[in-house]
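Colleague: I have not looked at this structure before. Could you take me through how to read it, one feature at a time?

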Amino acid sequence: MRWILILVWAVTSALSSPGHARMATADPSALIPIDPAVRTGQLPNGLRYALMSNDRPVGGVSIRLRFDVGSYEEAEDERGIAHFLEHMAFNGTRRLPEGELMRRFAEAGVAFGRDQNASTSMFATTYQLDLPDSDPAHLDLAFSWLRDIGDGLLLTPEAVERERGVVVAEYTAGLGPQKTWREAYQAFATPDARSRARPPIGVPETLATIDADALTRFHQAWYRPELAMLTVAGDLTLDEMEARVQAVFGDWVPAGPPAARAVATPLALDRPLEVLTYSEPTLTPTVGTCRLQGWRLQGPDTLERRQRNLTRSFWSRILARRFQLLSQGVEAPFASASLSQSAWAREADAVCLNVVPGADGDWGRALGAALAEVRRFERDGPEPAEIQRLIEIDRRSASNFVAQAEDRFSSTLADGLLSIFALHDLDPGTFDSPRQRRDLYEQVLPNVTPEAIREAFAAAWNGSEPHLALILTPPPPVEEVAAVWRTAMSAEMAARTAAGAAATWAYGDPGPLGRVVEQISIEAPAFTRARLDNGVVLNVKSVAHTRDRITVDVRFGHGRRDVSDADYFAAGFGSLFVARGGLGRHSQTEIEDLFPNRQVGIDLSMTPDAFELSASTRPADLEVQLQLLTAFLSDPGFRDDYAGQRRVAIDGVYRSWRTNPAAVISEALLEAVVPGSPRGLPPRDAADALSMADFERIYRTPLTTAPLEVTLVGDAPEAEMIALAAATLGTLPRREAELEPGRDTFVLRFGDVRPDLTARHDGPADQASVLLAWPLFVTSPERRREERVIHVLRDILQDRIRDEVREALGASYTPAVSATFDDNGDQAQLGISVATSPADVDRVREAVRRVVAAAAAGGLTQADLDAALAPRLANVEANRATNAWWRNTLNGSDRQPHRLRDALDWEATYRAITLEDIHLAARTWLSGPAIEGVALPAAPEPVTP
């Protein structure tokens with residue numbers, strides 16, 4: 001079910017002085033200075049750096065090394081080489097021979113992927129490293145590796161050949177209908193663009209031929225100090241950081257002459273109206289159009305540039321809001337629409353409108369409705385109330401940013417510092433202080449008038465003739481599409497319907513205040529628990545780790561165990577839409593309009609053992625947030641305003657799931673182990689028939705009658721949080737205790753069935769998936785230590801599988817080992833999933849079996865254990881101070897007291913795990929046969945003579 005919800009989510013996720021068009025007293029063209037807390041510099045060899053001291057997390061240090069080169073600079077026979085070279089930085093350097101790098105960093109508490117990674121874009125290559133502490137030895141290791149990236153990569157032919165398979169596997173993993181569509185669109189919209197032929201991942205024909213010599217030439221030409229940018233943020237003084245940068249990178253000299261920059265290819269702007277129709281049944285039907293203008297730099301960061309960006313932000317967000325309102329309701333013309341402006345490489349600026357037709361599938365009606373709103377905005381501009389709403393939202397965000405300035409994590413700061421440095425032929429970013437950013441906003445705001453917004457939009461929208469692209473099955477005739485566009489663009493437009501009177505909050509008098517009947521201070525961990533006279537339980541902790549932030553969690557009912565098997569899919573899917581149903585007296589849109597300057601909201605989730613409402617708010621907004629939750633718990637609206645989005649989301653699931661090899665084999669194995677399990681997808685017609693009435697039938701009773709346990713964690717006194725909860729949640733009628741789940745629902749038990757099967761998927765012919773799983777035990781708090789041993793065994797197997805399948809065989813980009821546990825629920829399992837190619841399936845299965853057999857036979861070592869434990873235990877002290885740690889610890893701890901014990905003994909349990917524990921777990925659970933499955937591409941259709 002989890003993958004289904006992720007997929008669904010992917011388909012759905014007053015002017016201050018309106019009459020004063022003047023810039024603030026500062027020179028509008030003057031450069032805006034960066035945050036004074038940042039120290040910048042440049043070494044004699046050209047390397048630029050930006051440094052910032054920061055103590056979140058305490059002791060931690062984050063480093064980024066960026067090179068001003070990406071795939072745009074690659075020659076025709078080098079396509080993919082920048083990304084290939086990025087991979088090679090992890091395969092042997094002057095100071096860290098191949099095979100040593102990951103082990104050495106693991107011993108320092110650094111996990112590959114989580115703390116150590118890299119990325120390549122069209123214009124830059126960036127290396128990322130987050131250290132859990134500032135131990136001098138660990139800093140030496142980190143800076144030595146980063147310096148080696150500059151001029152110490154080994155790039156041996158043997159290592160290149162091994163890594164080639166990994167890079168090709170990454171390319172293959174990205175194949176699919178969406179990529180095929182993107183390539184077809186690029187060929188239509190940008191046929192002569194250099195960017196079209198330079199995807200960072202490369203192309204198969206060049207990935208097959210790039211060798212060590214080519215990588216060495218590219219490395220020497222582009223990995224040069226004058227093209228390098230280094231940022232450091234962490235718990236060191238600026239002097240300490242700067243001294244390290246100078247000592248480590250000061251003697252770096254380039255190995256040869258620089259390479260010539262590629263010449264950008266401006267796109268033709270004089271093309272007539274053109275149409276692309278594309279048929280792909282697995283993709284969501286979409287109608288899109290882009291209009292182009294010439295590429296232009298915005299220039300340095302000045303007040304003038306801030307004003308332009310704010311003006312663009314306003315028209316984009318106002319149109320987004322209008323589209324959102326138009327998409328609501330069963331009869332809405334479209335399920336979603338968006339309009340945005342973006343740069344297409346260094347080749348054009350584009351304004352693109354994308355529309356997903358409504359439930360009726362009428363693409364012409366959808367496009368016409370969206371274009372009518374765009375043209376209306378171009379003619380009439382925004383309404384003052386629309387601008388004022390955005391100003392209130394922006395001021396709230398700016399206030400949050402200022403209040404939480406000292407809570408930013410070093411990893412975030414190190415990323416942000418990179419924006420100080422402009423890449424070749426691209427605009428520099430900005431890195432000002434939160435307070436400065438807020439003040440600059442107020443300086444430019446008087447110039448962002450309704451007319452200025454309208455004019456800016458009209459200038460952006462009226463570019464080239466449109467490039468219309470439709471994903472529809474069957475595709476309509478090109479002439480029909482062009483005719484619909486012309487008709488929509490010449491149709492008469494009525495004025496926008498005037499907004500009704502502003503709503504007033506209808507739940508202002510909740511009734512008699514609740515009383516605290518019991519309040520105790522719990523010593524370990526230190527927090528307050530209170531009980532109100534209506535039975536509501538409060539777990540409350542004042543934590544200032546994240547300033548000006550409070551999280552609220554309300555647990556009720558028994559989650560999945562309160563849901564019948566027949567309603568399993570509806571309950572999980574419905575959790576994404578119930579909160580959007582608003583309240584009995586207010587729609588979700590009205591709630592947003594009532595509180596634009598408040599940080600309030602509601603998320604609903606279904607866990608294995610509870611339903612949960614969650615929110616993140618500010619101390620100043622806590623009372624309103626609790627009022628909103630109180631109203632939702634007594635009068636949920638279950639309005640069907642988002643019916644169109646719901647139907648499109650369901651459609652997207654059923655269109656695409658069979659193209660996902662891992663999902664296909666998971667579903668097939670589940671059916672083999674437990675035939676007819678409610679965990680699988682229901683028939684399409686059953687899913688299509690779901691309505692908000694079904695979600696109401698499932699959720700109304702627990703929302704309005706189940707006992708409540710509330711956890712409040714954040715930057716406010718505990719007494720104040722308790723008083724506000726009593727004045728809101730305390731006014732609800734008393735709810736009688738319910739100690740046991742209401743239904744005897746399905747739980748997964750594997751029994752003795754160990755299938756080994758092959759399933760067929762409808763995705764790319766180059767993709768396959770291998771899945772092996774070993775059933776474990778039914779988890780309970782009493783078996784928590786055993787569960788934690790399995791977690792460490794999982795980490796060890798992850799390292800070994802990666803070494804064997806990715807590094808040695810080059811047969812997969814991201815082999816994954818998982819261990820899933822559910823107290824007194826589903827039987828736990830340890831699973832290994834590998835995305836690979838059909839040709840490599842047998843090699844991968846043999847490799848996985850070999851690694852697991854060696855583990856079961858006692859082949860794991862103390863070095864394996866140490867390398868797995870160090871990253872898991874890194875930052876353990878710092879984590880205990882965070883809001884997140886307290887939230888996870890306290891949430892649900894009254895009904896489930898073991899949550900407190902689990903948090904308190906977490907570190908001691910992991911530190912006490914021995915190699916003998918690992919050997920015993922591996923021998924006990926991995927010696928028997930696995931559940932095995934392979935997903936291969938569907939057999940080709942027979943050719944009719």
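Colleague: Leaving aside neighbours within four places in sequence, which residues is Q627 in contact with?

Modeller: Note that the model is predicted. Contact here means heavy atoms within 4.5 Å. By that rule Q627 touches W505 and T728, once its neighbours within four places in sequence are set aside.

Colleague: Where does Q627 lie, and is Q627 buried, partly exposed or exposed?

Modeller: Q627 is part of helix α19. A residue counts as buried under 20% relative accessible area and as exposed over 50%. Q627 has 23%, so it is partly exposed. As for the chain, Q627 and L729 are 102 residues apart along it, yet their C-alpha atoms are separated by 7.6 Å.

Colleague: How do helix α19 and helix α24 pack?

Modeller: For a helix pair, look at the angle, the distance between axes and the handedness. Helix α19 (residues 622–634) packs with helix α24 (residues 718–728) at an angle of about 35°, and their axes are 9 Å apart. The crossing of the two is right-handed. On the α19 side the contact is made by L622, E623, L626, Q627 and T630, and on the α24 side by M721, L724, A725 and T728. Sorted by class, that contact has five nonpolar, three polar and one charged residues.

Colleague: Now the sheets. What is the order of the six strands in the open sheet?

Modeller: Read the order across the sheet, not along the chain. Here the order is β1-β2-β6-β3-β5-β4, and the pairing is mixed. The edges are β1 (39–42) and β4 (116–120); each has a single partner strand, so one side of each lacks a neighbour in the sheet. On average, neighbouring strands of this sheet are turned by 15° against each other, direction ignored.

Colleague: In which sense do strand β3 and strand β5 pair?

Modeller: Strand β3 (residues 61–67) and strand β5 (residues 125–131) pair in the antiparallel sense, over seven bridges. One position to find is R66, which stands opposite T126 in β5. Helix α9 (residues 238–249) packs on this sheet and touches β1, β2 (48–53) and β6 (228–234), with a direction at about 150° to that of β2.

Colleague: What is the order of the five strands in the other open sheet?

Modeller: That order is β19-β23-β20-β22-β21, again with mixed pairing. β19 (756–761) and β21 (816–820) are at the edges with a single partner strand each, so one side of each is left without a neighbour in the sheet. Neighbouring strands here are turned by 20° against each other on average, direction ignored. β20 pairs with strand β23 (residues 931–937) in the antiparallel sense over five bridges, and the bridge partner of L771 in β23 is G933.

Colleague: Which strands does α25 lie across?

Modeller: α25 lies across β20, β21 and β22 (827–836), and runs at about 170° to β21. α26 also packs on the sheet, touching β19, β20, β22 and β23; its direction makes about 25° with that of β20.

Colleague: What span should the twelve residues of helix α32 have?

Modeller: At 1.5 Å a residue, helix α32 (residues 915–926) should span 16 Å, and its end C-alpha atoms are 16 Å apart, which agrees. Its buried residues are L915, D917, I918, H919, A921, A922, W925 and L926. What covers them includes β20 (768–778), α25 (784–808), α26 (841–856) and α27 (862–873).

Technical notes. Residues numbered from 1 in each chain as written. Predicted model: local features only at pLDDT ≥ 70, side-chain atom pairs only at ≥ 80, totals over all residues. Heavy atoms only, no water. Axes fitted to C-alpha atoms, helices over the stretch in contact; angles between N-to-C directions. Helix = DSSP H or I, 4+ residues; strand = E, 2+ residues; numbered from the N terminus. Left-handed = near helix turned anticlockwise from the far one by under 90°. Nonpolar A, V, L, I, M, F, W, Y, C, P; charged D, E, K, R; others polar. Pairing = 2+ DSSP bridges. Expected span 1.5 Å × (residues − 1). Buried < 20%, exposed > 50% of the residue type's maximum accessible area, 1.4 Å probe, protein only.
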